[in-house]
Amino acid sequence: MNHSLFSIVLPVQNEGAYVESVIESYKKALALFPHPYELILVANGCRDNSAEACRRIAERDASVRVVESERGGWGLAVRLGLSEARGSILCYTNLARTSPQDLLTHLLAAAAHPQVVVKANRKIRDNWKRRLGGLLYNIECRSLFDLSSWDVNGTPKVFPRAFEKLLLLTRDDDLIDAEFNLICRREGYPLLEVPVFSIGRHGGKSTTTAVSALKMYWGAYRLWREQRKQY
């Protein structure tokens, strides 16, 4: 482990059309970051040229590493990336929706508060359906898990490696963010939320549908049941 290194995990799935341009924009923003960092691109379940594009980036830049998985899943990609991270401060975020400035802001906040979890609190969604769906999901999670956060799924999320329980995440699906917040609440990890005014996606289409949203609502309830049995 490198005690001064920040590790940034970026799941990549079918984003070959824009991953190189996004990483380039991140690199420009991170030129203002006063600490060493690594970017870990996790190409998971890709059906396009994403993995090839990630390898090209890594060949040009020693600060970029690539992890590849035939299986897909947001949670799986996050866990794979975190398992490969070498830094003392760890971060993961949604490459398709995170602006360079928002990534830099969260990392700077984490650098200033190294014993705090720093996460995004997104203020805008693409349309009223996403706003309503997100509101209902966050109300459910706040009620079930006694959370203070109004944006459970908000990324970037940045935390110190010393918060070791967050390295024991188990979910392979979208519920990893609910599990993340639940662990923070259960372990008493202090949380700092940074407002993010969403800029929309860099490219591609959201994979969230009515069916996947219903699965998340049901999944949050099942996660609550599982946690009640364990604790």
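## How much is tucked away

Half-hidden is a fair starting picture here: 50% of the 231 residues of the protein chain count as buried. Keep in mind that this is a predicted model. On the outside, the protein chain exposes about 11,300 Å², and carbon and sulfur atoms supply 53% of that area.

How does the overall size look? The C-alpha atoms fill a box of roughly 45 × 35 × 30 Å along the principal axes. The radius of gyration is 17 Å, and a compact globule with 231 residues would have a value near 17 Å, so the two agree.

## The order of the pieces

Walk along the sequence and you'll meet 7 helices and 7 strands. They follow the pattern β-α-β-α-β-α-β-α-β-α-β-α-β-α.

Now think about who touches whom. Take the contacts in the protein chain with a separation of 6 or more: 82% of them join residues that sit 24 or more positions apart.

## Strand E2 and its partners

Let's zoom in on strand E2, residues 37–44. How many of its residues are buried? The count is 8 of the 8, so E2 is largely enclosed by the rest of the structure. Both of its faces are covered. On one side you'll find Tyr37, Leu39, Leu41 and Ala43, and on the other Glu38, Ile40, Val42 and Asn44, all of them buried.

E2 pairs with strand E1, which runs parallel to it, through 7 bridges. Within that pairing, Tyr37 in E2 is the bridge partner of Phe6. To get from E1 to E2 the chain passes through H1, and this β-α-β crossover is right-handed. E2 also runs parallel to strand E3 (residues 64–69), and 6 bridges join these two. Here Leu39 stands opposite Val64 in E3. Another right-handed β-α-β unit is made by E2, helix H2 (residues 50–60) and E3.

## Leu41, a residue inside E2

Is Leu41, which lies in strand E2, buried or exposed? Its relative accessibility is 0%, so Leu41 counts as buried. Leave aside its neighbours within four places in sequence, and Leu41 is in contact with Leu10, Val12, Ile23, Cys54, Ile57, Val64, Arg65, Val66 and Val67.

Phe6 doesn't appear among those contacts. Leu41 and Phe6 are 35 residues apart in sequence, and their C-alpha atoms are 14 Å apart in space.

## Helix H4 and what covers it

Helix H4 covers residues 100–112, which makes 13 residues. From its first C-alpha to its last it reaches 18 Å, close to the 18 Å expected at 1.5 Å a residue.

Which residues of H4 are buried? They are Asp102, Leu103, Leu104, His106, Leu107, Ala109 and Ala110. As for what covers them, the list includes helix H1 (19–30) along with several strands: E1 (2–12), E4 (87–92), E5 (117–122), E6 (157–160) and E7 (191–196).

## Ser88 in strand E4

One of the strands covering H4 is E4, and Ser88 has its place there. Ser88 has a relative accessibility of 16%, and buried means under 20%, so Ser88 counts as buried.

What does Ser88 touch, once residues up to four places away in sequence are not counted? The answer is Met1, Asn2, His3, Ser4 and Leu5, plus Phe159, Pro160 and Arg161.

## A few backbone oddities

Some background first: most residues other than glycine have a negative phi, and most peptide bonds are trans. Now for some spots that go the other way. The peptide bond from Thr155 to Pro156 is cis, with omega near 15°. Pro156 is in the loop between helix H5 (128–145) and E6.

Asp146 is found in that loop between H5 and E6 too. Its phi is near 55°, a positive value in a residue other than glycine. Asp146 has a relative accessible area of 47%, so it is partly exposed. Over in the loop between E1 and H1 sits Asn14, whose phi is also positive, near 55°. Asn14 counts as partly exposed because its relative accessibility is 28%.

Technical notes: Residues numbered from 1 in each chain as written. Predicted model: local features only at pLDDT ≥ 70, side-chain atom pairs only at ≥ 80, totals over all residues. Heavy atoms only, no water. Helix = DSSP H or I, 4+ residues; strand = E, 2+ residues; numbered from the N terminus. Expected span 1.5 Å × (residues − 1). Buried < 20%, exposed > 50% of the residue type's maximum accessible area, 1.4 Å probe, protein only. Contact = heavy atoms within 4.5 Å. Pairing = 2+ DSSP bridges. Right-handed = clockwise from strand over helix to strand, strands pointing away. Rg over C-alpha atoms; globule rule 2.2 N^0.38 Å. Areas by Shrake-Rupley, 256 points an atom, 1.4 Å probe, with all protein chains shown as cover.
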